[in-house]
Amino acid sequence: MRPLPIAASLALLLATFAVTAQESTTAPAPAAAPAVAAAMPAAAALTGDSSRGKGLVYTCKGCHGLTGYKNAYPSYHVPMIGGQSETYLRNALGEYRTGKRKHPTMQAQAESFSEQDIADIAAYLSSLKK
C-alpha cells in the first residue's frame, strides 16, 4: 500500500468537504450546469484577490505542488499551475466546473468554487514565479 497517495487523497477529500460545508453556510448552492455556463462570461469581469486566493489553494498543493507527482486516477503527470496565465486558469477551472473537461477530482474541486473563488485562485496562482 502506498501511504503518500492515500494520505493525499484523504486530505483532498477532507478539504473538499470543508470547502463545501463552508460555502453551504455562506452562499446558495450552485444552479445546474447550464446556469454555470451562462455565468462564465461574467466571471471574466470579476477582479481576483490574490491574498484570498492564497488561502483557497491549500487543496491544490496536494497534487499540483509536488514535483514529479503522478495522479492515481487517471495515471498521468499532474501539471504545475503556479505562474500559469490567469485567463488559462479561469478557463480551465470553468471547464472542469461545467464538465467540459473531464477529471473526477478536478470536477469536484471546481464545482465547490464560486466565480469569485475561481477569480481569486487564478489571481494568486498567476502571480507566482514559474
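## Starting at the tail end

Lys129 sits in the segment that follows H7. Keep in mind as you look around that this is a predicted model. Is Lys129 buried or exposed? Lys129 has a relative accessible area of 79%, so it counts as exposed, the cut-off for that being over 50%.

Now find Gly82, which is 47 residues away from Lys129 along the chain. In space, the C-alpha atoms of Lys129 and Gly82 are separated by 6.7 Å.

## The whole chain

Let's zoom out. The chain has seven helices and two strands. Starting from the N terminus, you meet the elements in the order α-α-α-α-β-β-α-α-α.

The chain has 130 residues, and 35% of them are buried. Its accessible surface comes to about 7,800 Å². Carbon and sulfur atoms account for 64% of that surface.

How much of the contact in this chain comes from residues 24 or more positions apart? If you take the contacts with a separation of 6 or more, 72% of them are between residues 24 or more positions apart.

## Two helices side by side

When two helices pack together, people describe them by the angle between their axes and the distance between those axes. Here, helix H5 covers residues 86–98 and helix H7 covers residues 115–127. They pack at an angle of about 140°, and their axes are 8 Å apart. The crossing of H5 and H7 is right-handed.

Which residues do the touching? On the H5 side, you'll find Glu86, Leu89, Arg90, Leu93 and Arg97. On the H7 side, they meet Glu115, Ile118, Ala119, Ile121, Ala122, Ala123, Leu125 and Ser126. Sorted by type, the residues of this contact are eight nonpolar, one polar and four charged.

## A salt bridge between H5 and H7

Two of the residues in that contact, Glu115 and Arg97, also form a salt bridge with their side chains, at 2.4 Å from N to O. Glu115 is in helix H7 and Arg97 is in helix H5, so this pair ties together parts that are 18 residues apart in sequence.

Are these two partners buried or exposed? Glu115 is buried, because its relative accessible area of 16% falls under the 20% cut-off. Arg97 is buried too, with a relative accessible area of 11%.

## One arginine, two aspartates

The chain has six salt bridges in total. Among them is the one between Arg52 and Asp117, whose closest N and O atoms are 2.7 Å apart. This pair links distant parts of the chain: Arg52 belongs to helix H3 (residues 50–56), while Asp117 belongs to helix H7, 65 residues apart.

Arg52 also meets Asp120 in a salt bridge, at 2.5 Å from N to O. Once more, distant parts are linked, with Asp120 in helix H7 and Arg52 in helix H3, 68 residues apart. Put together, Arg52, Asp117 and Asp120 make a network of salt bridges.

How exposed is each member of this trio? Arg52 has a relative accessible area of 38%, so it is partly exposed. Asp117 is buried at 4%, and Asp120 is buried as well at 1%.

## Leu56, also in H3

Stay in helix H3 and look for Leu56. Its relative accessible area is 16%, so Leu56 counts as buried. What does Leu56 touch, once you leave aside its neighbours within four places in sequence? It is in contact with Asp117, Asp120 and Ile121. Two of those names should ring a bell: Asp117 and Asp120 belong to the salt-bridge network with Arg52.

You can also check how Leu56 is placed relative to Tyr124. The two are 68 residues apart in sequence, and their C-alpha atoms are 9.3 Å apart in space.

## A stop at Gln107

Last, look for Gln107 in helix H6, which covers residues 104–111. Gln107 has 17% relative accessibility, so it counts as buried. Not counting residues up to four places away in sequence, Gln107 touches Tyr96, Gly99, Arg101 and Lys102.

Key:
Residues are numbered from 1 along each chain as its sequence is written. This is a predicted model: local features need pLDDT of at least 70, side-chain atom pairs count only at pLDDT 80 or more; totals for chains, interfaces and linings use all residues. Side-chain values use heavy atoms; hydrogens and water are left out. Axes are lines fitted to C-alpha atoms, for helices over the stretch in contact, and angles run from 0 to 180 degrees between N-to-C directions. Helices (H or I, at least four residues) and strands (E, at least two) are DSSP runs, numbered from the N terminus. A crossing is left-handed if the near helix is turned anticlockwise from the far one by less than a right angle, and right-handed if clockwise. Contact means heavy atoms within 4.5 Å. Ala, Val, Leu, Ile, Met, Phe, Trp, Tyr, Cys and Pro count as nonpolar, Asp, Glu, Lys and Arg as charged, and the others, Gly among them, as polar. Buried means under 20% relative accessible area, exposed over 50%, partly exposed in between (1.4 Å probe, protein chains only). Accessible areas come from the Shrake-Rupley method with a 1.4 Å probe; for residues, only the protein chains shown count as cover. A salt bridge is a side-chain nitrogen of Lys or Arg within 4 Å of a carboxyl oxygen of Asp or Glu.
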